[in-house]
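Got your viewer open? Let's take a short walk, one selection at a time.

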Amino acid sequence: MRDTEILDLYWAREERAISETQNSYGNYCYSIAWHILYSKEDSDECVNDTWLRAWNAIPPKRPGRFAVFLGTITRNLALDRWKERHTMKRGNGEMTVALDELAECIPDVRSTEEAVEAAELERMMNEFLRTLPERECNVFLRHYWYVEEYSEIAERYGMKLNTVKTSLFRTRAKLRSYLESEGVIL
C-alpha cells in the first residue's frame, strides 16, 4: 500500500492504518530501535509506541515523508528508553560512543530558549549532509542516525573496519569546520 493511501486511512481514523503501517514499515522501525536498544522486547515496545504516536499525530499532521516521520518517532522513543536504562551505566556500548563522538562537533542544546538555535542547527546539519559524497553521507548516517556498529557498516559497504572509523573521523572534522564557518560556537 502506498504512503498516501495509508495516510488517508489515518485521516479517516480507520484502525487498518496501523496494520498497514506495520506491514510497510515494521521492519524498518524495528531495525532503528534494535540498533539503539539491542533488546527484542524494548524494540518491539518502541515500534508499538511508534504506531500509537503516529495515530495520535495524524491528523492534524500530514507528514510529507512518512518513512522519515515514523523513523524519527521510533528513534526518539528508543533513545528515551536507552537513556532510562543507562542513566547510571554510562560508558558502555556503541550508543555512548556514537553520542560522545558527535558531542565533540555539536553544541549541547537544552533550554527552550535555544529552540530557534536548535532548528537552525538542524538546517545546517542537513545542508552539510547534502555536501557529502553519497557513500560518506550514508556511512555517517548509518553510524550516527541508525547507530549501526562500525563492523556492520564495513560489511554493508564492503569497507575495512579502519576505513569506516577513518571516514567517520574525517567527516566529523568536516562537520566541525563547517559549523565553525557558519558561526556555531563549539
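Before we start, a word on how helices are named here: they are DSSP runs of H or I, at least four residues long, and they are numbered from the N terminus. With that in hand, you can find T74, which sits in helix α4. Keep in mind that this is a predicted model.

**Stop 1: T74**

Select T74 and show its surroundings. Is T74 buried or exposed? T74 is buried, because its relative accessible area is 0%, and the cut-off for buried is under 20%. Now light up the residues around T74. Leaving out those up to four places away in sequence, T74 touches C29, I32, A33 and T50. You can also draw a distance from the C-alpha atom of T74 to that of E45: you should read 9.9 Å, for two residues that are 29 apart along the chain.

**Stop 2: where α3 meets α4**

Next, colour α3 (residues 40–57) and α4 (66–85). The two helices pack with their axes 9 Å apart, at an angle of about 130°. That angle makes α3 oblique to α4. As for handedness, the crossing of α3 past α4 is right-handed.

To see the contact itself, select these two groups:

- From α3: D42, E45, C46, D49, T50, W51, R53, A54 and A57.
- From α4: F69, L70, I73, T74, L77, A78, R81 and R85.

What kinds of residues make up this contact of α3 with α4? They divide into 9 nonpolar, 2 polar and 6 charged.

**Stop 3: E45 and R81**

Stay at this contact and zoom in on E45 and R81. Their side chains meet in a salt bridge, at 2.8 Å from N to O. E45 belongs to helix α3 and R81 to helix α4, so this pair ties together parts that are 36 residues apart in sequence. E45 is partly exposed, at 38% relative accessibility, whereas R81 counts as buried at 13%. Add D42 to your selection too: D42, E45 and R81 are linked in a network of salt bridges.

**Stop 4: D8 and R62**

Searching the whole structure turns up 9 salt bridges. For another one, select D8 and R62, whose side chains come together at 2.7 Å, N to O. D8 is in helix α1 (residues 3–11), while R62 is in the loop between α3 and α4, so the pair ties together parts that are 54 residues apart in sequence. How exposed are the two partners? D8 is partly exposed, with a relative accessible area of 42%. R62 is also partly exposed, at 41%.

**Stop 5: R16 and E20**

Now move to helix α2 (residues 16–37). R16 and E20 form a salt bridge here, with their closest N and O atoms 3.5 Å apart. Being 4 residues apart in α2, the two are separated by about one helical turn. R16 is partly exposed, with a relative accessible area of 41%, but E20 is buried at 17%.

**Stop 6: T21**

Finish on T21, which also lies in helix α2. T21 is buried, with a relative accessible area of 0%. Which residues does T21 contact, apart from its neighbours within four places in sequence? Select I6, Y10, G26, W51, F66 and L70 to see them. Two of these names should look familiar: W51 and L70 were also on the lists for the contact of α3 with α4.

How values were computed:
Residues numbered from 1 in each chain as written. Predicted model: local features only at pLDDT ≥ 70, side-chain atom pairs only at ≥ 80, totals over all residues. Heavy atoms only, no water. Salt bridge = Lys/Arg side-chain N within 4 Å of Asp/Glu carboxyl O. Buried < 20%, exposed > 50% of the residue type's maximum accessible area, 1.4 Å probe, protein only. Contact = heavy atoms within 4.5 Å. Axes fitted to C-alpha atoms, helices over the stretch in contact; angles between N-to-C directions. Parallel < 35°, antiparallel > 145°, perpendicular 65-115°, else oblique. Left-handed = near helix turned anticlockwise from the far one by under 90°. Nonpolar A, V, L, I, M, F, W, Y, C, P; charged D, E, K, R; others polar.
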